[in-house]
Amino acid sequence: MTSAQTGVTPAPAPERREVSSGLKITALATGFVMATLDVTVVNVAGATIQENLQTTLTQLTWIVDGYVLTFASLLMLAGGLANRIGAKRIYLWGMGVFFVASLACALAPNPETLIAARLVQGAGAALFMPSSLSLLVFSFPEKRQRTKMLGLWSAIVATSSGLGPTIGGLMVSAFGWESIFLLNLPIGVLGMYMTYRYVAPVETRATRLAVPGHITWILLLAAISYALIEGPQLGWAAGPVTAAYAVTVVAAATLVIRERRAANLVMPWLLFRHSGFAGANIVGFLFNFALFGSTFMLGLYLQHARGASPFEAGLELLPMTIFFPVANIVYSRISARFSNGMLLTTFLLLAGVASLTMVTISSGTPYWVLAVAVGAANIGAGIISPGMTAALVDAAGPEHANVAGSVLNANRQIGSLVGIAVMGVILNSITDWNHGAALCFLAVAIAYLLGGLGAWRLIAYPERRLASATAA
């Protein structure tokens with residue numbers, strides 16, 4: 001009998017909406033999972049790639065940082081394209097490019113080909129990363145639900161980050177370094193299907209792309225990267241490195257002049273007038289500098305200085321990274337009780353102090369001491385990542401979600417780019433791995449502590465003043 005015949009109206013199925021939300025979150029997290037896995041997994045595979053492809057430490061740095069370079073330099077342009085063409089379409093395009101580039105990485109016969117494929121991979125990641133955040137924000141417009149979804153989204157990504165080194169070590173040991181790139185293929189297919197099937201498109205907006213400005217921005221980052229990565233090998237005063245310095249200065253000056261005069265800007269400078277937006281971006285740069293710089297260094301240190309195999313290094317990194325998803329879940333529970341600014345300040349300072357304890361690392365330092373120190377720092381990392389994203393979204397508002405996500409991700413990837421390059425400079429300059437690791441930990445600690453001070457001054461302090469004014 002029908003409901004009209006019985007006179008009873010059937011109750012709606014509440015679980016349908018919950019399943020729909022879970023499918024959306026899973027679809028939008030797959031891009032981040034692939035992008036994050038490719039950093040953490042490559043770090044464990046680095047020593048094997050060096051051995052099998054006969055790469056130098058400089059070439060290995062390019063393999064890691066080449067991906068981050070195109071990623072960082074194209075993010076702002078990708079945000080504009082998402083506004084103009086549609087976030088869902090750009091997200092799918094980016095995942096398609098990433099899929100093809102991952103296959104090319106797995107088939108690379110030499111370091112040069114692998115570096116080129118990694119550059120293309122970074123371009124694909126640049127397309128889908130800002131669109132992912134934009135689609136998430138518009139899929140969950142209510143602030144409380146959005147904050148919860150951001151926490152779950154970050155937890156999915158953080159779980160892949162935490163398990164990435166172990167999975168990578170196992171795959172490299174069992175199937176070779178090529179397998180870490182083949183891992184992206186099934187994830188990419190799943191993500192593209194689920195996004196096409198379950199995620200609604202976001203309305204497009206007429207946006208003029210600042211193409212000359214973006215080209216200048218790309219030249220600026222490429223020149224900085226070249227100088228930092230090639231400097232230790234060629235010499236800091238070598239002709240090509242000196243030319244890179246010159247290009248950096250000219251590109252920076254050109255960009256500043258253009259941004260002061262142009263109507264369509266590369267960077268939304270007006271948003272930086274909001275202290276929360278500026279603070280989230282400063283934290284993003286310093287956080288990624290420290291986190292990805294230290295991860296790059298640790299993957300090499302455990303294998304070169306302590307004789308671990310790729311699988312053993314992955315297992316040894318697990319206690320240091322497993323806190324990512326745990327802390328992300330904790331964030332989703334405590335974010336309603338504590339402000340983002342206070343959480344960021346507290347856990348950045350915790351990460352800084354924990355990293356500072358490792359500046360005396362030596363061959364006699366027990367493994368458990370290293371694991372506890374880095375693990376404590378990474379407890380903070382699991383809170384910091386969703387906290388900075390939530391602070392940014394609150395400051396920018398849903399109407400600026402595309403460009404805000406692009407700016408934050410660009411700053412974070414530039415932080416990764418510089419952090420990995422600086423670790424490479426230190427390790428290239430010092431022959432003793434323990435002394436090199438100690439200096440790397442010092443640089444990491446300084447970055448975390450500066451991030452904590454920035455979070456307090458630009459996010460936490462204004463939040464307290466606003467709360468006091470509201471109460472009054």
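The points below concern a predicted model of a single protein chain.

1. Overall make-up. The protein chain holds 17 helices and zero strands, and buried residues account for 57% of its 472 residues. Among contacts with a separation of 6 or more, 83% join residues that are 24 or more positions apart. The chain exposes about 19,500 Å², and carbon and sulfur atoms supply 67% of that area.

2. The nonpolar core. The largest nonpolar core has 141 residues, and those with the most contacts inside it are Leu 114, Phe 128, Leu 136, Trp 153 and Leu 370. Helix H2, which spans residues 14-53, gives the most to this core, with 16 residues.

3. Surroundings of Phe 128. Once neighbours within four places in sequence are set aside, Phe 128 is in contact with Gly 31, Phe 32, Met 34, Ala 35, Tyr 91, Gly 94, Met 95 and Phe 98. Phe 128 counts as buried because its relative accessibility is 0%, and Tyr 91, one of its contacts, is likewise listed at 0% and counts as buried.

4. Aromatic pairs. The count of aromatic pairs comes to six. In one of them, Tyr 91 and Phe 128 meet edge-to-face, at 6.1 Å centre to centre and with 70° between the planes. Tyr 91 lies in helix H4 (residues 87-106) and Phe 128 in helix H5 (residues 111-139), so this pair ties together parts that are 37 residues apart in sequence. The ring centres of Phe 272 and Phe 277 are 5.0 Å apart and their planes stand at 85°, so that pair too is edge-to-face. Its two members are not alike in burial, given that Phe 272 counts as partly exposed at 24% relative accessibility, whereas Phe 277 is buried at 0%. Ring pairs also link Tyr 67, Phe 71, Tyr 91, Phe 98 and Phe 128 into a cluster.

5. The backbone at Gln 54. Which sign does phi take at Gln 54, positive or negative? Phi of this residue is near 55°, a positive value in a residue other than glycine. Most residues other than glycine have a negative phi, so a reviewer may wish to look at this position. Gln 54 sits in the loop between H2 and helix H3 (57-85), and with a relative accessible area of 62% it is exposed, the cut-off for that class being over 50%.

6. Thr 248. This residue has its place in helix H10, which covers residues 239-261. Is Thr 248 buried or exposed? Its relative accessible area is 17%, and because buried means under 20%, Thr 248 falls in the buried class. Leaving aside neighbours within four places in sequence, Thr 248 is in contact with Leu 220, Ala 223 and Ile 224.

7. A nonpolar surface patch. Leu 356, Val 359, Leu 439, Leu 442, Ile 446, Leu 450 and Leu 453 make a nonpolar patch of about 570 Å² on the surface. Helix H17 (residues 433-471) gives the most to the patch, with five residues. Leu 356, by contrast, lies in helix H14 (residues 340-356). With a relative accessible area of 38%, Leu 356 is partly exposed, and because patches are made of residues with over 30% relative accessible area, that value is enough for Leu 356 to meet this part of the rule.

Conventions
Residues numbered from 1 in each chain as written. Predicted model: local features only at pLDDT ≥ 70, side-chain atom pairs only at ≥ 80, totals over all residues. Heavy atoms only, no water. Patch = residues over 30% accessible without salt bridge, like charges linked within 9 Å, V, L, I, M, F, W, Y side chains within 5 Å. Areas by Shrake-Rupley, 256 points an atom, 1.4 Å probe, with all protein chains shown as cover. Salt bridge = Lys/Arg side-chain N within 4 Å of Asp/Glu carboxyl O. Helix = DSSP H or I, 4+ residues; strand = E, 2+ residues; numbered from the N terminus. Buried < 20%, exposed > 50% of the residue type's maximum accessible area, 1.4 Å probe, protein only. Contact = heavy atoms within 4.5 Å. Core = buried A, V, L, I, M, F, W, Y, C linked by side-chain atoms within 4.5 Å. Phe/Tyr/Trp six-rings, centres within 6.5 Å; stacked < 30°, edge-to-face > 60°.
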